[in-house]
Amino acid sequence: MRITLFSAKAYDRASFDACALPPGWQLRYQDSLLNADTAALAAGSEVVCAFINDDLSAQVLEHLRAGGTRLIALRSAGYNHVDLQAAQRLGLAVVRVPAYSPHAVAEHAVALILALNRRIHRAYNRTREGDFSLHGLTGFDLHDKSVGVIGGGQIGLAFARIMAGFGCQLLISDPYPIAGLEQIGARQVGQDELIAQSDVISLHCPLTENSRHLINAASLAQMKHGAMLINTGRGALVDTPALIDALKSGQLGYLGLDVYEEEAELFFEDRSDQPLQDDVLARLLTFPNVIVTAHQAFLTREALAAIASTTLDNIAAWAAGAPVNRVTSAA
């Protein structure tokens, strides 16, 4: 069985090559993004393994199916980039990695909070230039601050447990009841209450039609003046131009992003020798109280190993006629 991995970086190759493959399996790595122009590279592959910024629209899926592909194996938990109705129509099964290391993403969110609060990025640049002054580096105690977590899944709860260790007051919003919150001293509240009461808000919910741009001009206006917003979920959870207005007015005091709505043509590549064509992202990067990382929250050895092993297990289960972690248009 031939398996083609798109958007395959060195760390993907290392994690997949470390796994034992069944006899007859062949892994082919493609550095390029999957799109209508590159889909032909998968010709003859029964399985296409795609990542979050690969294009899995109806047009691309049709190309893949014509080339012999029968399974789309996602190396991610999210699947909002897949046209599931088209996949079903074409007879393409879609599987995903529902969980790998919730700790990896949760810990990165905490790292963004600490770096923004204590101005670690600014202090680092100063000391390397011989400036050891402290003006403009004043932070605040996290202890006893209200931290809002939007999304009570594995990552959101892992993040909440870490913040409980800082002595924070935890508010969690989720459409479904969450068990065990009393054990970490958290309360489940409505989203509006969370936005209005939190000093720090961290997004850990999936991207759906209901959650698209859940952080927008109206919700930013409801936040505490000078609040901190962290997004390690999906870029389209926030209306990015609205963030710029809130940062300019001071309504939003700190912003940490590991994802960006228009990241597909930017992230995961070295573009340091090219002018940044995205005016919105360029504007965001001018603010001293903003940190943007390039979708690296998942990037730990443990998470990469889990992604590779689960992906290969998903493929094996599908080949055996008993697919697991399958995603359908009704999911």
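How many helices and strands does the protein have? In the predicted model examined here, the protein has 11 helices and 12 strands. The radius of gyration is 21 Å, close to the 20 Å that the globule rule gives for 331 residues, and the protein is therefore as compact as a globular protein of that length. Along the principal axes, a box of roughly 60 × 50 × 35 Å is filled by the C-alpha atoms.

Of the 331 residues, 49% are buried. Among contacts between residues at least 6 apart in sequence, 66% join residues at least 24 apart. The surface was also examined. The protein exposes about 15400 Å², of which 51% is supplied by carbon and sulfur atoms. Its side chains include 25 positive and 34 negative ones, and the centres of these two sets lie 3 Å apart.

Helix α2 illustrates the packing of a single element. This helix spans residues 58-66, and Val60, Leu61 and Leu64 are buried within it. Viewed down the axis of α2, the buried residues fall within an arc of 100 degrees, so they line one face of the helix. An α-helix has 3.6 residues a turn, and residues three or four places apart therefore point the same way. The partners of the buried residues of α2 are the strands β3 (47-50) and β4 (71-74), together with helix α3 (84-90), against which they pack. After α2 comes Gly68, which has a positive phi, near 105 degrees.

Note on methods:
Residues numbered from 1 in each chain as written. Predicted model: local features only at pLDDT ≥ 70, side-chain atom pairs only at ≥ 80, totals over all residues. Heavy atoms only, no water. Buried < 20%, exposed > 50% of the residue type's maximum accessible area, 1.4 Å probe, protein only. Helix = DSSP H or I, 4+ residues; strand = E, 2+ residues; numbered from the N terminus. Arc of directions from axis to C-beta. Contact = heavy atoms within 4.5 Å. Rg over C-alpha atoms; globule rule 2.2 N^0.38 Å. Areas by Shrake-Rupley, 256 points an atom, 1.4 Å probe, with all protein chains shown as cover. Lys, Arg positive; Asp, Glu negative; His and termini not counted. Charge placed at Lys NZ, Arg CZ, Asp CG, Glu CD.
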